[in-house]
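Biologist: Please take a close look at the buried interior of this protein, and describe the surroundings of selected residues there.

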Amino acid sequence: MISEELAPDIQHRISVDGYTVVAYEFIPAQGIGAETILCLNGGPGLPCDYLREAHSSLKDEGFRVIAFDQLGTGASDRPVNPSLWTIERYVTEVLTVMDALACTQVHLLGHSWGGWLAIEFALAYPQRLKTLILEDTVADIPHLSRELDRLRQALGSETVAMMNRFEAMDQLDHPAYQAAITLLNYRHVCRLDDWPAPLQRSIDDWNMGPYQTMQGPHEFLYNGNLRDWCRVEELKRLTLPALITTGQYDELTPACAIRMREGLPHAELHVFPNSSHMPFYEEPEAYYPVLTNFLKRYSGTL
């Protein structure tokens, strides 16, 4: 489904908090009346390219697809103001984008950090959602940190000691430390030899301001303002249908996905056996049937 990148049918400029956020809309053949999939990409600080290009083809399945560059990323404004980088402000941003694009009720798809944001939005505005799709994400950052430590330990005691030493000295740019992070990325972020162009494009344009403020210096160390974030108990309030997906080798591990499923009363979980953090690129032949089957089971009853 992602053999070629699709140009958006409409590009929108939306005012959010006095800044401009750029959204991309893909319209199915039937046009008006199609149900909407709103995609929230990972990061924080990543342009939406990688998730947008992986899901724009769902318009061929009859869905209106919307993605947007979150404030601070991509074609959207990039203010330098750490006070803006909070999950609460991003929830308001999602609501503003939905209202601007007349999205009364959507299938909300959140990947990685976008899944944390989707959970927060669902808890605040459950009436605005038809389904919740949580991809390669978590609802408990402290639990994730323990899981990431387990993945780091698999590199071996010498490597772990080296990483701990450079972290203590705040020398995360040392070549030996970066080599360890590169290995973890290829094991647990994307296991493809050559990363897809949209993914590489997003990574090359990463705004580290939001990322470091909210998450931390890299994918395997969480010390930002979300380090204590946990919504497992609150998930029990959500009664809408939910799909949880993850890769067997995901940095946001299957154990994290199971923890989410235990909180959500109407969730189903699918683990892709040959994927890490990007099943839509690593294992598309398995990923898309799972997603489209779920969407179509819960479509047509607005």
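Modeller: Two residues are taken to be in contact when heavy atoms of theirs lie within 4.5 Å. The model is a predicted one. With that cut-off, Asn41 is a suitable place to begin: leaving aside neighbours within four places in sequence, Asn41 is in contact with Leu46, Pro47, Cys48, Tyr50, Leu51, Phe68, Gln70, His111, Trp113 and Gly114. Asn41 belongs to the loop that runs between strand E3 (36–40) and helix H1 (49–55). Its relative accessibility is 1%, so Asn41 counts as buried, the limit for that term being under 20%.

The nonpolar interior comes next. The largest nonpolar core comprises 64 residues, and Leu38, Leu108, Trp116 and Leu132 are those with the most contacts inside it. Helix H3 (residues 113–124) supplies the largest share of this core, namely eight residues. Apart from this core lies another, of 31 residues, which includes Leu51, Ala67, Ile133 and Phe280. As for Trp116, once neighbours within four places in sequence are set aside, the residues in contact with it are Ile87, Thr137, Val138, Ile141, Gln215, Tyr222, Leu226, Trp229 and Leu252.

Ala242 offers a further view of the interior. Ala242 is part of strand E7 (residues 242–247). The relative accessible area of Ala242 is 0%, and therefore this residue is buried. Again leaving aside neighbours within four places in sequence, Ala242 is in contact with Leu132, Leu264, His266, Ala267, Glu268 and Phe294. Leu132, in turn, is among the residues with the most contacts inside the largest nonpolar core. Between the C-alpha atoms of Ala242 and Ala100, which are 142 residues apart along the chain, the separation is 25 Å.

Technical notes
Residues are numbered from 1 along each chain as its sequence is written. This is a predicted model: local features need pLDDT of at least 70, side-chain atom pairs count only at pLDDT 80 or more; totals for chains, interfaces and linings use all residues. Side-chain values use heavy atoms; hydrogens and water are left out. A nonpolar core is a set of buried Ala, Val, Leu, Ile, Met, Phe, Trp, Tyr and Cys residues joined through side-chain atoms within 4.5 Å. Buried means under 20% relative accessible area, exposed over 50%, partly exposed in between (1.4 Å probe, protein chains only). Helices (H or I, at least four residues) and strands (E, at least two) are DSSP runs, numbered from the N terminus.
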